[in-house]
Amino acid sequence: MELWDLFDKERRPLGRTHVRGVPMEKGTYHTVVFAWVFSDDGRVLLTKRSPEKKSYPNLWEHTGGSVLAGETSLQAIVRELFEETGIRAEPEELRLIDTFRRCHDFCDVYFLRKNVPLQTLVMQQGETCDARWVSRAEYEEMIAQGIVAEPDVRRYAQLGKRLDGYLK
């Protein structure tokens, strides 16, 4: 059973937890995290969602997931990166780029510059099944082909110029 800490719309802790999979009460929020991993040559790492996933199966995305009860956002993204890809990142390597509120969650988006050979990545069974490094042009072509998960397409547009200097 996965538990999330709950927050109000101002991201103030409510002092209670929520069980994943149970509908959330109106006016409550939890936190999710995402990592955009960039290579020194300006490519971004994408992972392919496992075909067993209920939402967006077999589509490409950035690593991410929910913050567990008792975790900080930064602890969660370090954990998610390791669980889904095998990438070990130190907290000081990650840079918080954006935070925004959606219907029932707060999203924290991190950037990480780290050269990781694809052959060293470890996919998490049931979560990820492939990975690739792509340039900006390749990423935009994947979006045009409809093979990038819709939430990641929205984040790409939202990040806009903040990607300059990272994604070439």
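This is a short walk through one structure, and the model is a predicted one.

Let's start with the helices. Two packed helices are described by the angle between their axes and the distance between the axes. Here the pair is α2, residues 136-145, and α3, residues 150-159. Their axes come within 11 Å. They cross at roughly 135 degrees. At that angle α2 and α3 are oblique to each other. The crossing of the two is left-handed.

Who makes the contact? From α2, the residues are R136, Y139, E140 and I143. From α3, they are D152, V153 and Y156. Sort them by type and you get four nonpolar, no polar and three charged. Now look at the spacing. An α-helix has 3.6 residues a turn, so residues three or four places apart point the same way. Keep that in mind when you look at Y139 and I143 on α2, or D152 and Y156 on α3.

Stay with α3. Which of its residues are buried? P151, D152, V153, R155, Y156 and L159. So the list includes charged side chains, D152 and R155. What covers these buried residues? The cover includes four strands: β3 at 30-38, β5, β7 at 94-101 and β8 at 105-113. Helix α2 is part of the cover too. Just after α3 comes G160, with a positive phi of about 45 degrees.

Next, helix α1, residues 73-85. I pick out S73, which belongs to this helix. Buried or exposed? S73 is buried, because its relative accessible area is 14% and the cut-off for buried is under 20%. Setting aside neighbours within four places in sequence, S73 contacts V33, V67, D108 and Y110.

V33 turns up again with T63. That residue lies in strand β6, residues 63-66. T63 is buried as well, at 4% relative accessible area. Its contacts, leaving out residues up to four places away, are V33, F34, A35, T47, I77, E80, L81, E84 and T85. Among them, I77, E80, L81, E84 and T85 fall within the span of α1. V33, F34 and A35 fall within the span of β3.

Now some loops. Take R43, between β3 and β4. At 30% relative accessibility, R43 is partly exposed. How far is R43 from E138, C-alpha to C-alpha? The answer is 9.3 Å, although the two sit 95 residues apart along the chain. R43 also touches V37, F38, W133, V134, S135, Y166 and L167, again not counting residues up to four places away.

A second loop holds G126, between β8 and β9, the latter at 128-134. G126 is partly exposed, at 24% relative accessibility. Its C-alpha is 7.8 Å from that of P51. Those two are 75 residues apart along the chain. Beyond its sequence neighbours within four places, G126 is in contact with S50, E52 and K53.

Two more loop residues deserve a look for their backbone. R11 has a positive phi of about 70 degrees, and R11 is not a glycine. Where is R11? In the loop between β1, at 3-7, and β2, at 13-19. R11 is partly exposed, with 25% relative accessibility. The other residue is N58, also not a glycine, with a positive phi of about 60 degrees. N58 sits in the loop between β4, at 44-49, and β5, at 60-61. N58 counts as partly exposed at 36%.

Last topic, the cysteines. A disulfide is a covalent bond between the sulfur atoms of two cysteines. How many disulfides does this model have? Zero, with a cut-off of 2.5 Å between the sulfurs. Take C103 as the case. The nearest cysteine sulfur belongs to C107, and it is 11 Å away. That is outside the 2.5 Å limit, so C103 is in no disulfide. C103 is exposed, at 63% relative accessible area. C129 is partly exposed, at 37%.

To recap briefly. Helices α2 and α3 cross at roughly 135 degrees, with a left-handed crossing. T63 and S73 are buried. R11 and N58 have positive phi. The disulfide count is zero.

Key. Residues numbered from 1 in each chain as written. Predicted model: local features only at pLDDT ≥ 70, side-chain atom pairs only at ≥ 80, totals over all residues. Heavy atoms only, no water. Buried < 20%, exposed > 50% of the residue type's maximum accessible area, 1.4 Å probe, protein only. Axes fitted to C-alpha atoms, helices over the stretch in contact; angles between N-to-C directions. Parallel < 35°, antiparallel > 145°, perpendicular 65-115°, else oblique. Left-handed = near helix turned anticlockwise from the far one by under 90°. Contact = heavy atoms within 4.5 Å.
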